[in-house]
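Please look at the sequence and the structure together, and keep both at hand while reading. The paragraphs that follow go from one part of the chain to the next and explain each term where it comes up.

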Amino acid sequence: MTARVLSITAIALWLVTIAVAALFFLRGQTQLAPDGRTTVLLGSDERNLVLTEMRGMLETVQIVVDGVKEGNLKQVAQAAHASGMAAAADVNPALMAKLPLEFKQLGLSVHKRFDEIATAADSGASREQLLATLSTQLSACVACHASYRFDAVTSAAKQVKTK
């Protein structure tokens, strides 16, 4: 083979690799669940991490609601900020690659909205304004839970443990 043929072959293989990686990043590791939702297939530790983060966001919602009820805007801002974009900063890239694009977009919008709630609380927003933003936030949570489920796949046994 000539150097030209090898170069063209290498470039073609590189482009195929990039295309497959992009498709993997967009689609994630998913399959259709029996209940019609999209199952995201993760390692056990990854699944636990995602579910722990979701429980943390639910706890944030509870703290925000309590803060709004009590008129404690500092509590609202602190809780919301803790689940904002800063909480999404250290996510493992290998985990992110397994999540479908729509889930990633929805998750980032939820983190951004927590930051909006924190900013609104810091600015002295009214209870009605805070509850309206929180209502929109909860709509995203409901949409996510209606669309996705997370199953842990053990590599040794190739078994799926469901949520």
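Helix H3 has Val76, Ala77, Ala79 and Ala80 as its buried residues, where buried means under 20% relative accessible area, exposed means over 50% and partly exposed lies in between, with a 1.4 Å probe and protein chains only. Helices (H or I, at least four residues) and strands (E, at least two) are DSSP runs that are numbered from the N terminus. The buried residues of H3 pack against H2, H5 and H6. This is a predicted model, in which local features need pLDDT of at least 70 and side-chain atom pairs count only at pLDDT 80 or more, while totals for chains, interfaces and linings use all residues. Residues are numbered from 1 along each chain as its sequence is written, and side-chain values use heavy atoms, with hydrogens and water left out.

One residue of H3 is worth following outward. Leaving aside neighbours within four places in sequence, Ala80 is in contact (heavy atoms within 4.5 Å) with Thr60, Val64, Phe114, Asp115, Ile117 and Ala118. The last of these, Ala118, is found in helix H5 and is buried, with a relative accessible area of 4%. With neighbours within four places in sequence again left aside, Ala118 is in contact with Ala77, Ala80 and His81. The C-alpha atoms of Ala118 and Gln75 are separated by 9.3 Å, although these two residues are 43 residues apart along the chain.

These contacts lead to the question of the nonpolar core, a set of buried Ala, Val, Leu, Ile, Met, Phe, Trp, Tyr and Cys residues joined through side-chain atoms within 4.5 Å. Which members of the largest nonpolar core touch the most other members? Of its 17 residues, they are Val64, Val76, Ala80, Phe114, Ile117 and Leu130. Two or more residues of this core are given by each of helix H2 (44-70), helix H3 (73-82), helix H5 (101-122) and helix H6 (127-147), and the largest share, 5 residues, comes from H5. Apart from this core lies another one, of 11 residues, including Leu51, Leu99, Phe103 and Phe150. In soluble globular proteins, nonpolar side chains tend to be buried together.

Helix H6 shows how a helix can have a buried side and an exposed one. At 1.5 Å a residue, the 21 residues of H6 should span 30 Å, and its end C-alpha atoms are indeed 30 Å apart; the expected span is 1.5 Å times one less than the number of residues. Leu130, Leu134, Gln137, Ala140 and Cys144 are buried in H6. Seen down the helix axis, the buried residues of H6 fall within an arc of 110°, so they line one face of the helix, the arc being that of the directions from the helix axis to the C-beta atoms. The face of H6 turned away from this buried side carries the exposed residues Glu128, Val142 and Ala146. What covers the buried residues of H6 includes H2, H3, H5 and strand E3 (148-153).

Why do Cys141 and Cys144 not form a disulfide with each other? A disulfide is a pair of cysteine sulfur atoms within 2.5 Å, whereas the sulfur of Cys141 is 7.6 Å from its closest cysteine sulfur, in Cys144, which is too far for a bond. The structure holds 0 disulfides. Cys141 is partly exposed, with a relative accessible area of 21%, while Cys144, at 9%, counts as buried.

From E3 the path goes on to the strands, two of which pair if DSSP finds at least two bridges between them. E3 is mostly covered, with 5 of its 6 residues buried, and E2 is mostly covered as well, with 4 of its 5 residues buried. Strand E2 (residues 38-42) is joined to E3 by 5 bridges, and these strands run parallel; Thr39 stands opposite Arg149 in E3, and Leu42 stands opposite Ala152 in E3. Strand E1 (residues 30-32) is joined to E2 by 3 bridges and runs antiparallel to E2, with Val40 in E2 as the bridge partner of Thr30. E1 and E2 form a hairpin with 5 residues between them, and Gly36 in the turn has a positive phi of about 95°.

Finally, the chain can be viewed as a whole. The protein chain has 6 helices and 4 strands, which run α-β-β-α-α-α-α-α-β-β from the N terminus on. Of the 163 residues in the protein chain, 32% are buried. Among contacts between residues at least 6 apart in sequence, 70% join residues at least 24 apart.
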